[in-house]
Each structure stands twice: as structure tokens, then as C-alpha cells.
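User: Please take a close look at the charged side chains in the structure below and how they pair. Set that against the rest of the fold, and finish with anything unusual in the backbone.

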Amino acid sequence: TTRPLSILSDFVVEELPVILRTIDSEESQLFLTTRTEKLIKLLENQPICDNVISLLDLTFLEAAFYANQLEIPQGLISLTNSYANHFCLPPMLTYELIILVNPSHDLRLFSLKETGEHEKLFYQCHKNVEANLYPLATFLLGIAIENKFDPKSLRQLRTLVPKIKAAVEQMLELKSQMSASEYEIFRRYFT
């Protein structure tokens with residue numbers, strides 16, 4: 001499932017971007033804190049969900065607090081740490097979580113409307129680039145493990161050139177389509 005923490009996952013996907021549009025208001029800040037504390041209470045005594053998207057949801061929520069200089073509820077920190085330990089991952093929003101784990105058909109976003117479209121484009125482009133570069137990374141890892149690069153390796157590397165070119169083209173296309181000002185709006189959540 002793409003919503004492993006049920007109501008908390010629903011909150012992150014459906015409500016968080018709406019709240020973040022008005023996060024400068026005390027009312028929105030209080031609502032975010034109160035709602036998060038209630039949702040965490042519901043999850044505290046449940047067994048850890050064995051779906052890494054659950055860690056994405058928790059770290060996504062933490063990043064929203066952090067980027068807006070709001071005090072992160074202690075229950076959220078504790079739950080995030082437990083999930084991070086379970087998955088042997090850092091207790092923070094990482095590139096891997098936001099790009100590779102974030103489900104394409106149910107994306108976690110910090111923004112809506114035009115900025116949200118740019119954010120989607122950013123995530124989808126990076127996911128495609130990762131898919132194109134994965135065979136190269138696997139190949140290079142094999143070379144490093146074997147500590148051997150021979151004519152056969154060179155032929156193999158040449159077969160990967162189209163994927164490398166595709167990744168470069170995707171990044172250039174992203175650069176041409178994405179507004180720097182829109183990127184700056186959601187980039188602050190990546191700290």
C-alpha cells in the first residue's frame with residue numbers, strides 16, 4: 001500500500017500541502033502541531049509497519065516542522081527514530097526516500113498548484129534519471145568489486161552510453177522546464 005500509516009499517511013498526502021500554504025499563520029502552526037500529536041498518539045503502541053513508505057511519511061512530516069522552524073513534537077521524533085532504526089536508515093528525509101521511495105502515483109508533496117507541479121516534475125525527473133543510471137552504477141560496482149576492467153568491460157560500458165545520454169537529457173529538460181523561484185519554494189524542505 002502507498003499509505004501504510006493509514007490516517008497519518010492520509011494527512012501527509014492530502015492535508016499537509018494545504019496547511020503549508022498558510023504555515024506563517026499561528027493558526028496553521030497550532031493546527032499542524034495539534035493534529036500531528038493526535039496522529040502520533042494513535043500510532044505509538046502499534047507495531048512498526050514494515051513498509052519503508054511509513055518512514056517517508058514520518059520524515060516528510062518532520063521536515064515540514066523543521067523547515068518552518070517549528071518545534072517538532074517529541075512523539076514524532078521518537079516514532080521517526082524507531083522506524084529509522086527498524087529500516088537501518090537515518091532518521092531524516094533523504095534523497096533516497098523522497099525520490100526512490102516516494103510512490104509515483106501517490107506522491108508526497110510539500111506544495112500545491114504551480115509549485116506542486118514543479119515539485120512533481122522534480123521528483124519524477126530524478127526518479128527517471130536514477131532508473132537510467134542504475135545499470136551504470138551496478139556495472140561500476142561490479143568493476144570495483146572484481147578490481148578488473150578489461151576489453152569486455154569496455155564493450156559493456158559502451159552499451160550503457162544511451163542510458164547515460166538519456167539521464168543527461170532528462171536533467172537538461174528539467175532545468176529548462178523548472179523555474180528557479182518555484183524550486184526555491186520547496187527546496188527548503190530538503191535541509
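Analyst: Helices and strands here are DSSP runs numbered from the N terminus, a helix being H or I over at least four residues and a strand being E over at least two. The model is predicted, with local features needing pLDDT of at least 70 and side-chain atom pairs counting only at pLDDT 80 or more, while totals for chains, interfaces and linings use all residues. Residues are numbered from 1 along each chain as its sequence is written, and side-chain values use heavy atoms, with hydrogens and water left out.

By that definition the protein has nine helices and zero strands. Its C-alpha atoms fill a box of roughly 65 × 40 × 25 Å along the principal axes.

Now the charges. Counting Lys and Arg as positive and Asp and Glu as negative, with His and the chain ends not counted, the protein has 18 positive and 24 negative side chains. Each charge is placed at NZ of Lys, CZ of Arg, CG of Asp or CD of Glu, and the centres of the two sets lie 9 Å apart. Side chains of opposite charge can pair when their charged atoms come close. The criterion for a salt bridge is a side-chain nitrogen of Lys or Arg within 4 Å of a carboxyl oxygen of Asp or Glu. The whole structure holds nine salt bridges.

One of them joins D106 and R3, with 2.8 Å between the closest N and O atoms. D106 sits in the loop between α5 and α6 and R3 in the segment before α1, so this pair ties together parts that are 103 residues apart in sequence. For accessibility, buried means under 20% relative accessible area, exposed over 50% and partly exposed in between, using a 1.4 Å probe and protein chains only. D106, at 10%, counts as buried, whereas R3 is partly exposed at 22%.

A second pair is E15 with R35, at 3.5 Å from N to O. E15 belongs to helix α1 and R35 to helix α2, so parts that are 20 residues apart in sequence are tied together. E15 is partly exposed at 28%, and R35 is partly exposed at 21%.

A third pair is D150 with K148, where the closest N and O atoms are 3.6 Å apart. D150 is partly exposed at 22%, and K148 is partly exposed at 47%. Salt bridges that share partners also join R3, D10, E14, D57, D106 and R108 into one network.

Next, the nonpolar interior. A nonpolar core is a set of buried Ala, Val, Leu, Ile, Met, Phe, Trp, Tyr and Cys residues joined through side-chain atoms within 4.5 Å. The largest such core has 47 residues, and L8, L32, F60, L61, F110 and Y123 have the most contacts inside it. Two or more residues come from each of α1 (7–21), α2 (26–43), α3 (53–67), α4 (74–87), α5 (95–101), α6 (113–146) and α8 (161–177). The most come from α3, which gives 10 residues.

A contact means heavy atoms within 4.5 Å. Leaving aside residues up to four places away in sequence, Y123 touches F60, I98, I99, N102, L107, R108, L109, F110 and F190. R108 is thus both in the salt-bridge network and among the residues touched by Y123.

L39 is in helix α2 and is buried, with a relative accessible area of 1%. With the same sequence neighbours left out, L39 touches I7, L8 and F11. L39 and G75 are 36 residues apart in sequence, and their C-alpha atoms are 9.7 Å apart in space.

Over the whole protein, 42% of the 191 residues count as buried. Of the contacts between residues at least 6 apart in sequence, 74% join residues at least 24 apart.

Last, the backbone. Most residues other than glycine have a negative phi. C88, which is not a glycine, has a positive phi of about 55°. C88 lies in the loop between α4 and α5 and counts as exposed at 68% relative accessibility. N147 also has a positive phi, near 55°. N147 is in the loop between α6 and α7 (151–159), and at 71% relative accessibility N147 counts as exposed.
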